[in-house]
Each structure stands twice: as structure tokens, then as C-alpha cells.
Amino acid sequence: AHVALINAVIAEALVEGGVDFSDLDAVAACAGPGLAGSLIVGVSAAKSIALAAGVPYVGVNHLEGHLYAAFLDDPSLKPPLAVLLVSGGHTMVVAMEGHGRYRVLGQTVDDAAGEAFDKVARFLGLGYPGGPVIDELAARGDPEAIPFPRPMLKEGYDFSFSGLKTSVI
């Protein structure tokens, strides 16, 4: 089922882009970090397409992809930059000193923000993923109604979301 879905998504992307295999210069896919099952399916599909098209396969670091996503929105950005990277399993503050040169300034010491959202949403019966629905409900709420703990630790730039999650539950 996963392979059929991947093939459908790839076919749709090629049609939408008005290209076919002969137009490809390379094929890229997330090579990690992430959930092993998803990575295996994505990398296998990408390598198969690259082989069939006779072009190189390029493995992309998931977190580095997040760092560069801001450049899609604003191509004029230039390092050095401080980046708040929030992904399902990662929350970190990264100093992007140059292209390909990064230094982690702080990160989660337990649950990442996305994990905390998902666990709280599951507890409240709000479905998955939890972030969008909790964000929507929070925008309509009173930010002073409940004094939740801050997820930042007192020293440095590390985060802890387990106390916030426990407080909500």
C-alpha cells in the first residue's frame, strides 16, 4: 500500500511539473533521521527511479531539509542565521554559520514539540496529528486561563516539553 501511494505521488508530481523521467537530473529523498519504515520505502522508491532514469540518487538529511525550507519562502536569506527547527521528533535551535555548517545551540531533552502536541491531542481525543487542531483551538482561547509551565529550561537553549504535556493531562 505504501509503495502504491508513493508511486501515485511521484506520478502526480511529474505530471504537475510537466516533466517525465528523461527530464530528471537527479532524484533526492530523505535518508534520515526518521522512522525506519518510512525511510526504507522512500529511499527504495527514489533509488529505483534514479536507476530507471539513469541519474544519481541524492540522500537528504531530514533536519537539514528543514533548515533550508526557509530559503524556499525567502531566497534572499544569507547565513549566519539562528534557526528554530521544529519537526515531529525534533525541536532545536541551530546556528547556521554557513551552507553546510551548523552548530546545535539547544534541543529537547525529552519530548519534542510535535510529540507533545500529538500526545496531548490523543489524550483529549482530538486526532492525529495534534498540532494543527490544538493551534486552531488555542487561537480562540484565553492565553491567561491556565498557567502552563514554560518549555525552556532556565539555563542555555534546551527545551523540555514533558512537564507541559503532563500539566495539560
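Before I read out the order of elements, let me say what I count: helices are DSSP runs of at least four residues, strands are runs of at least two, and both are numbered from the N terminus. With that in place, and keeping in mind that what we have here is a predicted model, the elements run α-β-α-β-α-β-β-β-α-α-α from the N terminus on, which comes to six helices and five strands.

Let me turn to the overall form. The protein has 169 residues, and while a compact globule of that length would have a radius of gyration near 15 Å, this one has 19 Å. The C-alpha trace spans about 60 × 40 × 30 Å along its principal axes. Of the 169 residues, 25% count as buried, and the accessible surface comes to about 11100 Å², with 61% of it belonging to carbon and sulfur atoms. If we take the contacts between residues at least 6 apart in sequence, 47% of them join residues at least 24 apart. As for charge, there are 10 positive and 19 negative side chains, and the centres of these two sets lie 9 Å apart.

Now to the interior: which residues make up the largest nonpolar core? There are eight of them, namely Leu63, Leu67, Phe71, Val83, Leu85, Met92, Val94 and Met96. Helix H3, covering 62–73, strand S3, covering 81–87, and strand S4, covering 90–98, each supply at least two residues of this core. Another core, of six residues, lies apart from it, and includes Ala29, Ala46, Ile49 and Ala50.

I would like to stay for a moment with methionine 96, which is one of the eight residues in the largest core. Leaving aside residues up to four places away in sequence, its contacts are Tyr68, Phe71, Pro79, Pro80, Leu81, Val83, Arg101 and Tyr102.

Two of those neighbours, Pro79 and Pro80, bring me to the backbone. Most peptide bonds are trans. Proline 79 and proline 80, however, are joined by a cis peptide bond, with omega about 10°, and proline 80 lies in the loop between H3 and S3. Where, then, is the place of proline 33? Proline 33 is found in the loop between strand S1, which covers 27–32, and helix H2, which covers 36–53, and the peptide bond leading to it from glycine 32 is cis as well, with omega near -10°.

To draw this together for anyone meeting the structure here, I would keep in view the eight-residue core, the separate core of six residues, and the cis bonds at proline 33 and proline 80.

Technical notes:
Residues numbered from 1 in each chain as written. Predicted model: local features only at pLDDT ≥ 70, side-chain atom pairs only at ≥ 80, totals over all residues. Heavy atoms only, no water. Rg over C-alpha atoms; globule rule 2.2 N^0.38 Å. Buried < 20%, exposed > 50% of the residue type's maximum accessible area, 1.4 Å probe, protein only. Contact = heavy atoms within 4.5 Å. Areas by Shrake-Rupley, 256 points an atom, 1.4 Å probe, with all protein chains shown as cover. Lys, Arg positive; Asp, Glu negative; His and termini not counted. Charge placed at Lys NZ, Arg CZ, Asp CG, Glu CD. Core = buried A, V, L, I, M, F, W, Y, C linked by side-chain atoms within 4.5 Å.
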